[in-house]
Amino acid sequence: MKDQLAQVEKRLQALVEIPLSRLVGGKISPATIANQLATGMTEGLSWDADGRAYAPDEYAITLHPTDVQALIQQVPDLSTDFSRALLEVAQASGYSMASQPHVTLAADPTLNRWEVRVVAWHSGSHLEFTKAGEASSVPSGGLPEGAYLILHGRRHFALDRPLINVGRRLDNQLILDDPRVSRTHAQLRAREGRFVVFDLGSTGGTLVNGHKVHQHILQPGDVITIAGVSMVYGEDPGGPPDSTPAYTPPFPPRPAGDQMTGTWNDDDLTET
């Protein structure tokens, strides 16, 4: 495994040095990012029944907010560059991926300057992509009908769009005003008729039914816990229950461009 990690890290470092070389005066080490990405890729490998290795296709790179701001300003296309690098290295290493890799950059003020933390996970089961002719276990369709969250048992939040960002930052759709919540903490993403919750490398983590998760396909009744906030996921054709008022953000939402930090997304993760 160490030899495998070293080979993947060497390939990644050669590729990430190219975009990072455009970061003037930066102290973010390509070797550090390559090591973190390589570790996430190799430790996240899974295998199908035929022995084919699948690398994670979701990566969250978390840094100090100042470093995020510098990267966004000086290397705005870094997410695409890293996505291509990950795909190229996976193919060169003999790994498959369920889909084009997504790279999300998130800010966390609890990290030190130039400190990097990477979390990698699979967007879905590789069995859905490898068993040709078999029906996928995920139903077809777009948004689940009448999906919602109940926050603290008191307010409801309708899940009426394919992407919901959750965190302390004021351009999230669901703003949680708690210092234990990361600025961009988690995402809820509609995938083929179901919502999937993703932890974006947060400091405190995301729990579903008491268990820490990187990703989880939600079922009605699941309880998502972020810091001290509990949210019950539900689905009802009639929408959220009338007994609870609608969620309103604790602060007036700000447009995405009005932030000290930001998140990179590719075409499948459009920031709204």
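Begin by selecting F82, which sits in helix α4 of what is a predicted model. Show its surroundings, and ask whether this residue is buried or exposed. F82 counts as buried because its relative accessible area is 3%, under the 20% cut-off. Leaving aside residues up to four places away in sequence, F82 touches V16, P19, L20, I33, L37, I61 and V103. Add L15 to the selection as well: 67 residues separate L15 from F82 along the sequence, yet their C-alpha atoms are 8.1 Å apart in space.

Next, select I61, which is one of the residues that F82 touches. With residues up to four places away in sequence again left out, the contacts of I61 are L37, F82, V103, T104, L105, A106, V116, R117 and V118.

Now widen the view to the core around these residues. The largest nonpolar core has 32 residues, and the members that touch the most other members are L12, L37, M41, I61 and F82. Colouring by element shows where this core comes from, since at least two residues each are supplied by α1 (2-20), α2 (30-43), β3 (58-63), α3 (65-74), α4 (78-92), β4 (102-107) and β5 (117-121). Which element gives the largest share of this core? The answer is α4, with 6 residues. A second core, separate from this one, has 26 residues, and L151, I164, A190 and V213 are among them.

From there, move to the open sheet of 5 strands, whose order is β9-β8-β10-β11-β14 and whose pairing is mixed. Select β9 (174-175) and β14 (215-217), which stand at the edges of this sheet; each has a single partner strand, so one side of each is left without a neighbour in the sheet. Then select residues 186-191, which form β10, together with residues 194-199, which form β11: these two strands run antiparallel and are joined by 6 bridges. Within this pair, look for A186, which stands opposite D199 in β11.

Finally, zoom out to the whole protein chain, in which 5 helices and 16 strands can be followed. Of its 272 residues, 48% count as buried. Among contacts between residues at least 6 apart in sequence, 67% join residues at least 24 apart. If you switch on the surface, the chain exposes about 12800 Å², of which carbon and sulfur atoms supply 51%.

Note on methods:
Residues numbered from 1 in each chain as written. Predicted model: local features only at pLDDT ≥ 70, side-chain atom pairs only at ≥ 80, totals over all residues. Heavy atoms only, no water. Pairing = 2+ DSSP bridges. Helix = DSSP H or I, 4+ residues; strand = E, 2+ residues; numbered from the N terminus. Core = buried A, V, L, I, M, F, W, Y, C linked by side-chain atoms within 4.5 Å. Buried < 20%, exposed > 50% of the residue type's maximum accessible area, 1.4 Å probe, protein only. Contact = heavy atoms within 4.5 Å. Areas by Shrake-Rupley, 256 points an atom, 1.4 Å probe, with all protein chains shown as cover.
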